Amino acid sequence: MTSQNAGWRQGAACVAALTFDVDAESPVLAEGRRYADHAMVMTHQAFGPLVGVPRILQMLKDVAQPATFFIPGLTAERYPAMVEQVIDSGHEIAHHSYTHRTPTSMTPSEERADFERALKVLDRFGITPVGHRAALWEASWQTPSLVAEYGLKYDSSLMDFDTPYRLETPAGTIAELPPHWSLDDWEQYAFLPNPRLGEVIQSPLTVADMWIHEIDAMRRHGAMFMLTCHPFLSGRAGRLEALRTVIETAMERGDVTFATCKAIAEATLRDPDLEARKLEPVSVPADLYPLE
Ligand SMILES: [Zn+2]
């Protein structure tokens with residue numbers, strides 16, 4: 001194994017974050033509110049908070065590992081009992097927008113209003129989130145600054161590293177905990193013809209193999225295993241058992257630590273050896289490329 005002295009890993013070869021984005025109906029409605037009329041589509045998404053979350057909470061209890069739940073404001077309002085279950089379980093709850101519209105699809109003022117509305121909803125449950133993840137990870141260049149401005153400690157949307165880092169924004173320094181598409185159940189399991197959310201129903205056994213391989217590689221490279229799952233997808237029985245296998249296999253390795261995003265962010269902000277990056281928006285001359 002490579003260096004054991006990286007403070008943010010606290011001596012582990014690989015730090016794993018189990019994150020669950022409880023999107024429910026919100027990403028479908030973000031495709032158009034007309035989908036509210038589609039009973040199959042709405043109930044397909046409702047499976048997440050109704051069945052997926054309780055099953056996931058039981059599985060996490062079985063393996064005795066912590067997790068982070070990113071819950072959109074709209075989902076929290078529609079499923080308050082689910083939010084209470086997550087609170088009672090002791091897992092972290094974090095900010096995942098209000099509407100699940102992507103920041104890149106909104107004006108800066110719309111993004112800010114959506115961000116604030118989500119905070120107000122969580123506050124009604126007594127939750128003061130310390131972390132944020134943009135809808136579909138589609139952060140704007142403003143997003144990390146909003147996270148800092150509203151006093152949150154971390155974001156989990158950017159993809160330029162596979163280790164956490166300190167990110168200096170115009171509004172202050174936060175931790176960035178990078179996710180990646182390869183560690184997202186959406187690409188493996190999302191199948192919905194209309195709206196077209198995905199076209200894949202991968203074997204959970206294949207997915208477990210892929211994620212275990214990634215954990216083993218990350219143990220060698222000292223990386224962060226940031227797993228993103230969605231209860232409407234990974235709450236299905238066969239997929240949940242594959243996820244249990246991934247977690248149990250990682251635990252058997254003996255050098256993988258599971259932590260909430262909050263704990264990883266705190267360790268990141270405390271670690272003076274970690275790279276600090278400045279938020280540097282990309283600008284391109286108008287005569288170089290067409291806009292679309
Ligand atoms: Zn989401």
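Is Gln10 buried or exposed? With a relative accessibility of 58%, Gln10 counts as exposed, because the cut-off for that label is over 50%. Keep in mind that this is a predicted model. Here is a quick tour, covering a zinc site, two nonpolar cores, a bent helix and a few backbone oddities.

**Zinc site**

- The zinc ion gets its donors from Asp23, His96 and His100, with Asp23 supplying two OD entries and each histidine its NE2.
- Distances from the zinc ion to these atoms run from 2.0 to 2.5 Å.
- Why is the arrangement around the zinc ion irregular? The four donor atoms subtend angles of 54 to 143°, and a tetrahedral label would need all angles to lie between 85 and 135 degrees.
- Along the chain, the donors of the zinc ion follow the pattern D-x72-H-x3-H.
- His96 has a relative accessibility of 1%, so it counts as buried.
- His100 comes out at 2% relative accessible area, which means it is buried too, given the cut-off of under 20%.

**Nonpolar cores**

- The largest nonpolar core holds 58 residues, and the ones with the most contacts inside it are Phe20, Phe69, Trp211 and Phe225.
- Helix H2, residues 39-63, gives this core its largest share, at nine residues.
- Another core lies apart from that one and has 18 residues, including Trp8, Met224, Ala259 and Ala267.
- Which residues does Phe20 contact, once neighbours within four places in sequence are left aside? Phe20 is in contact with Ile56, Leu60, Ala67, Thr68, Phe69, Phe70, Cys229, Pro231 and Leu243.

**Helix H2 and its end**

- H2 is 25 residues long and spans 35 Å from its first C-alpha to its last, close to the 36 Å expected at 1.5 Å a residue.
- There is still a bend of about 45° in H2 at Gly52, with a proline, Pro54, following within four residues.
- Val63 belongs to helix H2, and its relative accessible area of 5% is why it counts as buried.
- Setting aside residues up to four places away in sequence, Val63 touches Arg244, Ile247, Glu248 and Met251.
- If you want a long-range pair to check in a viewer, Val63 and Arg196 are 133 residues apart in sequence, and their C-alpha atoms are 34 Å apart in space.
- Just after H2 comes Ala64, with a positive phi of about 55°.
- Ala64 sits in the loop between H2 and strand S2 (68-71).
- Is Ala64 buried or exposed? Ala64 counts as exposed, because its relative accessibility is 61%.

**Backbone oddities elsewhere**

- Gln10 has a phi near 55°, a positive value in a residue other than glycine.
- You'll find Gln10 in the segment before strand S1 (14-21).
- The peptide bond from Asn194 to Pro195 is cis, and its omega is near 0°.
- Where is Pro195? Pro195 is in the loop between strand S8 (191-192) and strand S9 (198-199).

How values were computed: Residues numbered from 1 in each chain as written. Predicted model: local features only at pLDDT ≥ 70, side-chain atom pairs only at ≥ 80, totals over all residues. Heavy atoms only, no water. Donors = N, O, S within 2.8 Å, 3.2 Å for Na, K, Ca; no water. Tetrahedral: all angles 85-135°; square planar, octahedral: opposite > 155°, others 65-115°. Buried < 20%, exposed > 50% of the residue type's maximum accessible area, 1.4 Å probe, protein only. Core = buried A, V, L, I, M, F, W, Y, C linked by side-chain atoms within 4.5 Å. Contact = heavy atoms within 4.5 Å. Expected span 1.5 Å × (residues − 1). Bend = angle between axes of the 7 residues up to and from the residue.
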